[in-house]
Amino acid sequence: MPAIDRYAGSSGPNSSLRGAFAITPHASDELEYVTRQIYAAGGGNVSVVWADGAQTVEPIAAGERVNWAIRAVRVTGTTAT
């Protein structure tokens with residue numbers, strides 16, 4: 001099932017966050033919701049599928065919060081927690 005984008009049509013990245021959930025990397029499943037921001041407890045790389053469907057591997061530092069609209073995190077290529 002595709003991720004639901006609760007922020008589509010919102011006032012952009014400065015709008016309030018509306019909730020939080022843990023992200024578990026998966027080989028093929030999408031998240032329940034498209035994210036607006038993610039937090040990394042442990043740094044490393046994150047293999048993400050962006051809201052538009054593009055897939056990249058991005059570095060993230062421990063304790064960093066990034067404003068990323070993603071719909072999935074893939075197991076392969078992800079080392080961050």
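Select Gly53 to begin the tour of this predicted model. Gly53 lies in the hairpin of strand 2 and strand 3, where 4 residues stand between the strands, and it takes a positive phi near 100°.

**The hairpin strands**

From the turn, extend the selection to strand 2, residues 44-50, and to strand 3, residues 55-60. These two strands pair in the antiparallel sense over 6 bridges. Two of the partnerships can be displayed as pairs of residues. Select Gly44 together with Ile60, its bridge partner in strand 3. Then select Asn45, whose bridge partner in strand 3 is Pro59.

**The other side of strand 2**

Keep strand 2 in view and add strand 5, residues 70-74. Strand 2 and strand 5 also run antiparallel to each other, with 4 bridges between them. Show Val48 and Val73: the latter is the bridge partner of the former in strand 5. Next show Trp50, which stands opposite Ile70 of strand 5.

**The sheet as a whole**

With strands 2, 3 and 5 coloured, the view contains an open sheet of 3 strands in the order 3-2-5, paired antiparallel. Strands of a sheet pair through backbone hydrogen bonds, either parallel or antiparallel. Why do strand 3 and strand 5 each have one side without a neighbour in the sheet? Both stand at the edges and have a single partner strand each, so one side of each is left unpaired in the sheet. Turn the view along the sheet to follow the twist, which averages 40° from one strand to the next.

Now colour the protein by secondary structure. The protein has 5 strands and 0 helices, and reading along the sequence gives the pattern β-β-β-β-β.

**Thr35 and its surroundings**

Select Thr35, in the segment before strand 1, which spans 38-39. Is Thr35 buried or exposed? Its relative accessibility is 6%, so Thr35 counts as buried, the cut-off for burial being under 20%. Across the protein, buried residues make up 28% of the 81 residues.

Display the residues that Thr35 touches, leaving aside those up to four places away in sequence: Phe21, Ile23, Trp68, Ala69 and Ile70. Of these, Ala69 is suited to a distance label: the C-alpha atoms of Thr35 and Ala69 are 4.9 Å apart, although 34 residues separate the two in sequence. For the protein as a whole, 54% of the contacts between residues at least 6 apart in sequence join residues at least 24 apart.

Then move to Leu17, which is also in the segment before strand 1. Leu17 is partly exposed, with a relative accessible area of 46%. A label between the C-alpha atoms of Leu17 and Thr35 should read 9.7 Å, for residues 18 apart along the chain.

**The largest pocket**

For the last stop, display the surface. Rolling a probe the size of a water molecule over the atoms shows where empty space is left. The largest pocket has a volume of about 480 Å³. Which of its 23 lining residues are closest to its centre? Select Phe21, Ile23, Gln37, Ile38 and Tyr39 to see them. Phe21 and Ile23 were displayed at the previous stop, among the residues that Thr35 touches. Finally, colour the lining by class: there are 15 nonpolar, 5 polar and 3 charged residues.

Key
Residues are numbered from 1 along each chain as its sequence is written. This is a predicted model: local features need pLDDT of at least 70, side-chain atom pairs count only at pLDDT 80 or more; totals for chains, interfaces and linings use all residues. Side-chain values use heavy atoms; hydrogens and water are left out. On a 1 Å grid over the protein atoms alone, a cavity is a set of points where a 1.4 Å probe fits but cannot get out, and a pocket is an open set with protein on both sides within 12 Å along at least five of seven lines; lining residues have an atom within 4 Å of a point. Grid points are joined across faces, edges and corners, and a volume is the space filled by probe spheres set on the points. Ala, Val, Leu, Ile, Met, Phe, Trp, Tyr, Cys and Pro count as nonpolar, Asp, Glu, Lys and Arg as charged, and the others, Gly among them, as polar. Two strands pair if DSSP finds at least two bridges between them. Axes are lines fitted to C-alpha atoms, for helices over the stretch in contact, and angles run from 0 to 180 degrees between N-to-C directions. Buried means under 20% relative accessible area, exposed over 50%, partly exposed in between (1.4 Å probe, protein chains only). Contact means heavy atoms within 4.5 Å.
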